[in-house]
Amino acid sequence: MAASKHKEPPKEGGRVEIKNGKLQVPDQPILPFIEGDGTGRDIWRASQRVFDAAVKKAYGGKRRIVWYEVLAGEKAFNETGEWLPQETFDAFQEYLVGIKGPLTTPVGGGIRSLNVALRQRLDLYVCLRPVKYFKGVPSPVKRPEDVDMVIFRENTEDIYAGIEWAAETPEAKKVIAFLQKEMGVKNLRFPNTSGIGIKPVSREGSQRLVRAAVRYALDHGRRSVTLVHKGNVMKFTEGAFRDWGYEVAARDFREETVSERESWILSNREENPDISAEDNARAIEPGYDLMTEDNKAKIRKEVEGCLRSLWETHGQGKWKRKILVRDAIADVTFQQVLTRASQFDVIATMNLNGDYLSDALAAQIGGIGIAPGGNINYDTGHAIFEATHGTAPKYADKDQVNPGSVILSGVMMFRHLGWNEVADSIEKAMERTIAQKRVTYDFHRLMEGATKLKTSEFATAIIENM
């Protein structure tokens, strides 16, 4: 890579590489970082101190991070005249793994979102959002300790692909005319004043996400993967996502997974060894007796095929030790993560659903101030970990805000690198600090008997607790 016009790459350290699907991490990896806009400056200073202290404690100086600042957002625009310089893409492309704070999205034309631009240009198809409660954090729900989920949000397709045309423009009129005249669309209520957006959902995009989610569940001892969708309405996009998800789980992970319907069929046979295919079909499909004969035959064939192919490997209770793959309608999921949070583990979902769901879950465990995130391509090894909140410019440079989102995103980054000792040290120290009620203002105002700390002081307290 040519030297950056704006920030020179470090002369020491080495590159993270990927070989045979596994990251190769040197003892002094060069990691690009974007400090972020607004409160990002305070947050990054605090977070970097925590990261460096944890690495030093874990490895006694044998390993360290070589930080490489790259530019994006307001700082980039002020210094270079560009919101997202090519050199920033080049750095993340070359060094594979990095981290960033919150970024301002430019108002007006040009880049719709700097975050989305980074994800799409680097094909970071997984938005990984673990959501776990820290004891003592103020929460609006009765049992926040039941929340321990990992969300795999598809990051490159769906409505967020940004394929849309403004109402009453020549482009929108052209698309509407095509839909009406060529495709026979009749249900555009107000075609003359409608903006139009396209929702692409592909087999490849859906399956690589679900594949990553199932692999994560296996690698981390998780018990289930739930495919969250709105396929009851959007049958050929969100419904297809569900179907393709089941397909890849069964094809690529047959020995390790069982679908929820398969578990019902197997369980029915275990409870009643003499159960007929028809009675088993009736048990898994409540509307069976109202179906046409053709549809009844399909359900019986499903039962017979499941027992024939899975009884030896999954029967007699063996399925209970497999990863359970199930699906849930998106709006029902929003209810159940409030009322039955413990039933969810790994969630795989599409872009828009994932955006809503991850922020709603973050509220249950104390807010997005401590919600981490990562954008990952598991095939190439590229990953950018990031704060999930905004820039909060009115609090900028006041040393007040909670740095937890970036700190915990760093925990995710260290786990991605395989430096689990560092990740564990930070996570346990942060949990201990919160339990001591030494917190920033956002938690202080909701906790009795707490000590209010500045951003920098919170970082110091975490380091003390390592």
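Me: Two strands pair if DSSP finds at least two bridges between them. This model is predicted, so how do you know that strand S10 (residues 224–229) and strand S12 (residues 323–329) pair?

Reply: Count the bridges! Strands S10 and S12 share six bridges, and the definition asks for at least two, so they pair. They do so in the parallel sense. One bridge to look for puts Val-228 with Ala-328 in S12.

Me: What makes strand S11 (residues 257–259) a partner of S12?

Reply: Three bridges join S11 to S12, and the cut-off is at least two, so these strands pair as well. They run parallel, and Ser-259 stands opposite Val-325 in S12.

Me: Why is strand S3 (residues 30–34) called mostly covered?

Reply: Buried means under 20% relative accessible area, and five of its five residues are buried. In a regular strand the side chains alternate between the two faces of the sheet. On one side of S3 you find Ile-30, Pro-32 and Ile-34, on the other Leu-31 and Phe-33, all of them buried.

Me: Which strands does S3 pair with, and over how many bridges?

Reply: S3 pairs with strand S4 (residues 66–69) over four bridges, in the parallel sense. Ile-30 has Val-66 as its bridge partner in S4. Between these two strands the chain passes through helix H1 (residues 40–59), a right-handed β-α-β crossover. Two bridges join S3 to strand S5 (residues 97–100), also running parallel. Here Ile-34 has Lys-100 as its partner.

Me: Why is the aromatic pair of Phe-77 and Trp-83 called stacked?

Reply: Their centres are 4.7 Å apart, and the limit for a pair is 6.5 Å. Their planes make an angle of 20°, and planes under 30 degrees apart count as stacked, so the name fits.

Me: Are Phe-414 and Trp-419 stacked or edge-to-face?

Reply: Stacked: the ring centres lie 6.3 Å apart and the planes are at 15°. Both residues are buried, whereas Phe-77, at 38% relative accessibility, is partly exposed, and Trp-83, at 25%, is partly exposed too. Phe-414 and Trp-419 also belong to a cluster linked by ring pairs, whose members include Phe-33 and Trp-44.

Me: How do you know that Arg-269 lies over the face of Trp-311?

Reply: The distance is one part of the test: Arg-269 is at 4.6 Å from the ring centre, and the limit is 6 Å. Arg-326 lies over the face of Phe-344 in a similar way, at 5.3 Å from the ring centre.

Key
Residues are numbered from 1 along each chain as its sequence is written. This is a predicted model: local features need pLDDT of at least 70, side-chain atom pairs count only at pLDDT 80 or more; totals for chains, interfaces and linings use all residues. Side-chain values use heavy atoms; hydrogens and water are left out. Buried means under 20% relative accessible area, exposed over 50%, partly exposed in between (1.4 Å probe, protein chains only). A crossover is right-handed if, with the strands pointing away from the viewer, the path from the first strand over the helix to the second runs clockwise. Rings of Phe, Tyr and Trp (its six-membered ring) pair if their centres lie within 6.5 Å; planes under 30 degrees apart count as stacked, over 60 as edge-to-face and the rest as tilted. A charge sits over a ring if NZ of Lys or CZ of Arg is within 6 Å of the ring centre and within 35 degrees of the ring normal.
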